[in-house]
Structures are given as structure tokens and as C-alpha cells.
Amino acid sequence: MATNKLDAVIGQQRPRYILQRALENERVPHAYLFYGPMGVGKEALALEFTKALFCQSQEERPCQTCSSCRQVSTLSNPDLIYFFPSPKDLKVEDERAVLQSIAENPYAREKPWSNPTLGIDRIRYLRKACTIKSVGKYRMIIIAEAEKMTAAASNALLKILEEPPENTFIILTTDKLNMLLSTILSRCQIIQFGLIADAEIEKRLIEKYQVDAERARLLSRLSQGSYSRALEWLDDEFEEKRQVAITLLRAFVKDFQTRIDMAEEITKKYDKKAMKEIFSLILIWFRDAFLLYQGGVQSQQLINVDREDILHRFVHAFETIDFDRAFTSIEHYTQLIDRNVHQALLLVCFLIRLETVLEMKR
Ligand SMILES: [Zn+2]
């Protein structure tokens, strides 16, 4: 008898166990909802599960080598439909580029658009596809970031969930459960995904990308449980971005004109995605500063452990730091990056806001 082993994904022991059991007992529900933070492997496990379901091996599934497994890996299996949020008029070549990035690494899907949605046209396509017989025994439909479905799309999907076509399985993924219709939730088996342990991310970075041990450790901590984030930060510009984050935090003591020049220079150099990364680094910086500020912290609890001396100087430079306000401001400005806002202006406003958070020693 074939056994199922979904161990190509990182961590997620419990979701893997639940899915393996379902496969072994041949009791796979029509619809799953994979719920959990971004970047922890919901889509990666959805694909591994699909492989196991389609795999032709009589031994261990997924075997990764049979034609079905390989076709799922490259997202070219005719029985697999994979949807992700996109602009309304998605171009074929753009769709292909994103699918390609998923095939290369499901943890590192390209997200080239700022406000993508899943529209009714996608679900209409699904409906039509489901009327045609699948090539193999089963059909799998994966809808990533399902909370981005429009109201019309949600209602149309609900109809499919109410009368699921035979031998068709649906996996929705989301990090925002409350944005989905309760009627959709009640028709799915919900599997909850957690953050990935630092040690597991660290190990994978070393094994797969030959990252040196010290850097792997730092990246795994900075990633805060998201393997996707660790991969994003694997690029060469990482140290540079971290330096930009620190420079920005020092900028607010400078005069107004200097801050404007600085904001223009930085936003000219970095795109929105990079800006968001810089803001996450600022957030993590404040998180470390908060620990130091409270006192009694041990070095290994810090994320920026290699910058401990600078962190100390930062914390001691101020009379008070309003951390609550700091955290909410950083999150607020991070969200604004995606909006249609003049980026340099946004950064200047952020630097002004910092003045209200940090009170200098006199
Ligand atoms: Zn196989």
C-alpha cells in the first residue's frame, strides 16, 4: 500500500499530519481552507498535497518523479487549476510569469501588483472547467489568498461549494479568516498553520542556499516565522537596507531640508517592495529597542544581535520612547506605501511622526 509523506514543506507538522491521515483513510473533504500567516507554506503544502493525491507511485507519495508529480511541480498538470489575486485585465504573459515563480518556489511567489483581486471571471472559468471530465482521477483547484475574492466571486464560489463536482477538491488559502463569507467557512475544513520555528528556517537556508551559519541565524530571526520573508531578505541588498533603516531612525534629529533630501534620495533608489522591507526592519529595530528599554534582556533574545551596541546607544539617546505609538505609526506608514501616495512625502511625514515618538534627552 502506498504511504503518504508530505515532508517537502518546512515545519507545519500538524497540518501535514491531518492531510496525510485524510489521504491514507481516503477521506479527503471537498474543500479545505488553509489559514495562517503569510509565508509559512500554505500554498507549498497545497501543492505537495495535490502531488500526493495525483501521484502514480505505489510506494511513497508524492514520489516527485512520476509524470503527475512533475506536472504539479511545474503547474502544468491539466487537472490542477491555480488561481492567485491579480488585476482585472491579467495579461497571459504576466500570469505565466507568476505561475513560473510559484513553480520555482511556492514560498517566493512574485506579487507584482498593489491591489489585486480574484474576480468573478475566474470562478466562471472554474464552473466551466468543472463540467469537463478531468484527465486523471481527480481535479484540484487551489485559490491562493481567497480573501481577495470580490463579493460576486465569493457568491459564485459558494454555489460550487454547495454542490461540489465529483472527484474535485478545492483548497483555499488565507491569512484573514474574517474577510471570507461565513457560509464559505462553514463548507470548508479549516486547517490552521502556525509560524515556522527559527531553527527550521535556519537549517533550510543553509541546506538549500548555502547561506553561512551566522547569516542564516540572523535571517531566520528577522523573518519571524515566515520562510518567504527570509527568502526575500536573502538578496545582497539586505545589509544595505538595514543600514538605511538605521540611518532613517537617526535622521529625525537633522534639519528639515536634510530630511527632505534624504527621503527623496531613498525613495528614488528603492521601489515599494524594498520600502516595505525597510519599514519592517525599522519595526524589528523598535521591537529590540523595546526589550532593551524594559531591561533584563539577554543578547540572544534580540533580533539585531550583531548591532547590540548601536541599539544600546539608540535607547539611551532618548529621554522617553513611546513604543505603543512607534509600533502603530510604523504599521500605519507601511500600509500607506501601497496606496497611491507620493513616496518621498510619505517618508518625510513618517520622520516627522518619529519626533512625537522619541523625546530627546536635554
Ligand atoms: Zn509521483
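# Exercises on a predicted model

Helix H9 is followed by Gln224, a residue with a positive phi near 50 degrees. The structure is a predicted model, and the exercises below start from this helix.

## Exercise 1: Helix H9

Determine whether H9 is mostly covered or mostly open, and state what its buried residues pack against.

Solution.
- Step 1. Count the buried residues: eight of the 11 residues of H9 are buried, and the helix is mostly covered.
- Step 2. Name them: Ala216, Arg217, Leu218, Leu219, Ser220, Arg221, Leu222 and Ser223.
- Step 3. Find the partners. The buried residues of H9 pack against helix H8 (198–209), helix H10 (227–232) and helix H13 (272–294).

## Exercise 2: Glu214

Classify Glu214 as buried or exposed, and give its distance from Ala2.

Solution.
- Step 1. Place the residue: Glu214 lies in helix H9, which covers residues 213–223.
- Step 2. Apply the cut-off. A residue is exposed if 12 or fewer other C-beta atoms lie within 10 Å of its own. Glu214 has 10 C-beta neighbours inside 10 Å, so it counts as exposed.
- Step 3. Compare sequence and space. Glu214 and Ala2 are separated by 212 residues in sequence and by 40 Å in space, C-alpha to C-alpha.

## Exercise 3: Two residues with positive phi

Gln12 and Glu26 are not glycines, yet each has a positive phi. Locate both and decide for each whether it is buried or exposed.

Solution.
- Step 1. Take Gln12, whose phi is about 55 degrees. Gln12 sits in the loop between strand E1 (3–4) and helix H1 (13–24).
- Step 2. Count around Gln12. The cut-off for a buried residue is 20 or more other C-beta atoms within 10 Å. Gln12 has 27 other C-beta atoms within 10 Å, so it is buried.
- Step 3. Take Glu26, whose phi is about 50 degrees. Glu26 belongs to the loop between H1 and strand E2 (31–35).
- Step 4. Count around Glu26. With 6 C-beta neighbours inside 10 Å, Glu26 is exposed.

## Exercise 4: A cis peptide bond

Find which residues a cis peptide bond joins, and where the proline lies.

Solution.
- Step 1. The cis bond joins Arg61 and Pro62, with omega about -5 degrees.
- Step 2. Pro62 is in the loop between strand E3 (60–61) and helix H3 (67–73).

## Exercise 5: The pair H12 and H16

Describe how helix H12 (residues 256–269) and helix H16 (residues 343–357) cross, and what meets in their contact.

Solution.
- Step 1. Two packed helices are described by the angle between their axes and the distance between the axes.
- Step 2. The axes of H12 and H16 come within 8 Å and cross at roughly 135 degrees. The two helices are therefore oblique to each other, and their crossing is right-handed.
- Step 3. H12 brings Arg259, Ile260, Ala263, Glu264, Ile266 and Thr267 to the contact, where they meet Gln343, Ala344, Leu347, Val348 and Leu351 of H16.
- Step 4. Sorted by type, the residues of this contact are seven nonpolar, two polar and two charged.

## Exercise 6: The whole chain

Summarise the make-up of the protein chain and explain why it is as compact as a globular protein of its length.

Solution.
- Step 1. The chain has 16 helices and nine strands.
- Step 2. Its radius of gyration is 23 Å, close to the 21 Å that the globule rule gives for 362 residues, so the chain is as compact as a globular protein of that length.
- Step 3. Along the principal axes, the C-alpha atoms fill a box of roughly 75 × 40 × 35 Å.
- Step 4. Of the 362 residues, 36% count as buried.
- Step 5. Among contacts with a separation of 6 or more, 73% are between residues 24 or more positions apart.

Note on methods
Residues are numbered from 1 along each chain as its sequence is written. This is a predicted model: local features need pLDDT of at least 70, side-chain atom pairs count only at pLDDT 80 or more; totals for chains, interfaces and linings use all residues. Axes are lines fitted to C-alpha atoms, for helices over the stretch in contact, and angles run from 0 to 180 degrees between N-to-C directions. Helices (H or I, at least four residues) and strands (E, at least two) are DSSP runs, numbered from the N terminus. Angles under 35 degrees count as roughly parallel, over 145 as roughly antiparallel, 65 to 115 as roughly perpendicular and the rest as oblique. A crossing is left-handed if the near helix is turned anticlockwise from the far one by less than a right angle, and right-handed if clockwise. Two residues are in contact if their C-beta atoms, placed from the backbone, lie within 7 Å. Ala, Val, Leu, Ile, Met, Phe, Trp, Tyr, Cys and Pro count as nonpolar, Asp, Glu, Lys and Arg as charged, and the others, Gly among them, as polar. The radius of gyration is taken over C-alpha atoms; the globule rule is 2.2 Å times the number of residues to the power 0.38.
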